[in-house]
Amino acid sequence: MNNASVTLGRRFEGQVALITGGGRGIGQEVAARLAAEGARLAIFDMNVAGAEETCVRVKKAGGEAMAYGVDVTSRDAVAAAVKSVVTDFGRIDVLINNAGIGWRIPFLEITDADWSKIIGTNLTGYFIVAQEVARSMVTSKKGRIVNVASINAHIGTDHQAAYAASKGGIVALTRVMAFELAPLGIYVNAISPGPIETELSAMNLSPATRRSREERIPQGRLGQPGELAAAIAFLASPDASYINGTVLVVDGGLISGGIREPK
Ligand code: NDP
C-alpha cells in the first residue's frame, strides 16, 4: 500500500526540491520519495524540530536535505528563506506547496480569526511561497510547482467552510499560475487528496466519521501518505512533461461516487 514493492527511478537526479510543511505527514513522505529519486531537498516548516527530523530520515537513506524554520504566512521570512535556499543549493527546480492547517467548525460559528488563520496559511501562504520561488525559477527558465489542495475544493462537506474555500482558492490559483507561467518554462499543477492517514486527519476524524468515510470510499480505506507522495512525485517529475494546470484527485474514488443503492 505504501508502494514498498515499487522499484524507484531517479527522476529528480541533480534537482533541488523545496517542500513546505515537510516536517511531518504528507510533506515528510514527499521528502522521502523525492530524495529517494535523487532530489536534494530544502524543507520549510514552522515546526523546525519536525523539519530537522525529516532531514535526518532523508540523510539516513543517503540523501541530502536542509531544514529551514519558516512561517509560510510571513512574506519577509519566506523571501529570506528562499534566498538562503538559492545560496545553499544554487537554484530551485521543484516546489511542493503543502503546509496547511484546518479544523472543523460549524459555518455559523466560524470567527473572523478562524477564517483569517486558515485562509492566511492555506491560500495566502501558498501564494507567497509560490511567488517567491517562481521569481527564482524564472532565472533558470524551468520549474515545476505542485500545490496540494484537497477534495474539499470539489465537494461540499459540513463544518469545513474556511478550509474548503482555501482549497478551492488553491485550485483557481493553480490554473492562473499555470496559464501565466508556462511561457516562462514553469509548469504548475494541483493535487487533491482524499482522506490520508496523518496527524491532521487523525485530529479531524472521530472513529464514527472515519468509519463512514471508509464506507463511502470505493477502495474501502483511507490513503497512505506514501501513496500520495507517489502521485505528487509524478506531477513534479519529467514524466508529467505535458501536464500543466490540471488537478489530480487522489481519493480512492471517493468523489466519483454518488448514492449507493441498498443491495
Ligand atoms: P500535517 O498537519 O500532518 O503537517 C502539516 C505541516 O505543516 C506541519 O509540520 C505544520 O507544522 C506545518 N505548518 C502548518 N502551518 C505552517 C506555516 N504557517 N508555516 C510553515 N509550516 C506550517 O498535515 P498533512 O500532512 O495531513 O497535510 C499536508 C497538506 O495536505 C495540507 O495542505 C492539507 O490541507 C492537505 N491535505 C491533507 C489531507 C489529509 O487527509 N491528511 C487530505 C487533503 C489535503 P506544525 O507541526 O507546527 O503544525
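How far does a polar side-chain atom of Asn47 lie from an oxygen atom of the ligand? The separation is 3.4 Å. The model is predicted. This briefing covers the ligand shell first, then the packing of helix α1.

**Polar contacts to the ligand**
- Asn47 uses a polar side-chain atom, set against a ligand oxygen atom.
- Asn98 brings a backbone N or O atom to 2.8 Å from an oxygen atom of the ligand.
- Met46 places a backbone N or O atom 3.2 Å from a nitrogen atom of the ligand.

**Burial and shell**
- The ligand, taken alone, exposes 890 Å². The protein buries 91% of that area.
- Four elements each give two or more residues to the shell around the ligand. They are α1 (25–36), α4 (112–140), α5 (161–181) and α6 (199–204).
- The ligand has 28 residues around it. Arg24, Asp45, Tyr163, Ile196 and Thr198 come nearest.
- By class, the shell residues divide into 14 nonpolar, ten polar and four charged.

**Packing of α1**
- Helix α8 spans residues 225–236, and its axis comes within 8 Å of the axis of α1. The two axes cross at roughly 60°.
- That angle falls outside the parallel, antiparallel and perpendicular ranges, so α1 is oblique to α8.
- The crossing of α1 past α8 is right-handed.
- Helix α2 covers residues 48–60, and its axis comes within 10 Å of the α1 axis. Here the crossing angle is roughly 30°.
- Angles under 35 degrees count as roughly parallel, so α1 is roughly parallel to α2.
- α1 also passes α2 in a right-handed crossing.

**Where the topics meet**
- α1 gives two or more residues to the ligand shell. α1 also crosses α8 at roughly 60° and α2 at roughly 30°.

Methods: Residues are numbered from 1 along each chain as its sequence is written. This is a predicted model: local features need pLDDT of at least 70, side-chain atom pairs count only at pLDDT 80 or more; totals for chains, interfaces and linings use all residues. Side-chain values use heavy atoms; hydrogens and water are left out. A residue is near a molecule or strand if one of its heavy atoms lies within 4 Å of it. A polar contact is a pair of N or O atoms within 3.5 Å; within protein, one must be able to donate a hydrogen and the other to accept it, and residues adjacent in sequence count only if both atoms are side-chain atoms. Accessible areas come from the Shrake-Rupley method with a 1.4 Å probe; for residues, only the protein chains shown count as cover. Ala, Val, Leu, Ile, Met, Phe, Trp, Tyr, Cys and Pro count as nonpolar, Asp, Glu, Lys and Arg as charged, and the others, Gly among them, as polar. Axes are lines fitted to C-alpha atoms, for helices over the stretch in contact, and angles run from 0 to 180 degrees between N-to-C directions. Angles under 35 degrees count as roughly parallel, over 145 as roughly antiparallel, 65 to 115 as roughly perpendicular and the rest as oblique. A crossing is left-handed if the near helix is turned anticlockwise from the far one by less than a right angle, and right-handed if clockwise.
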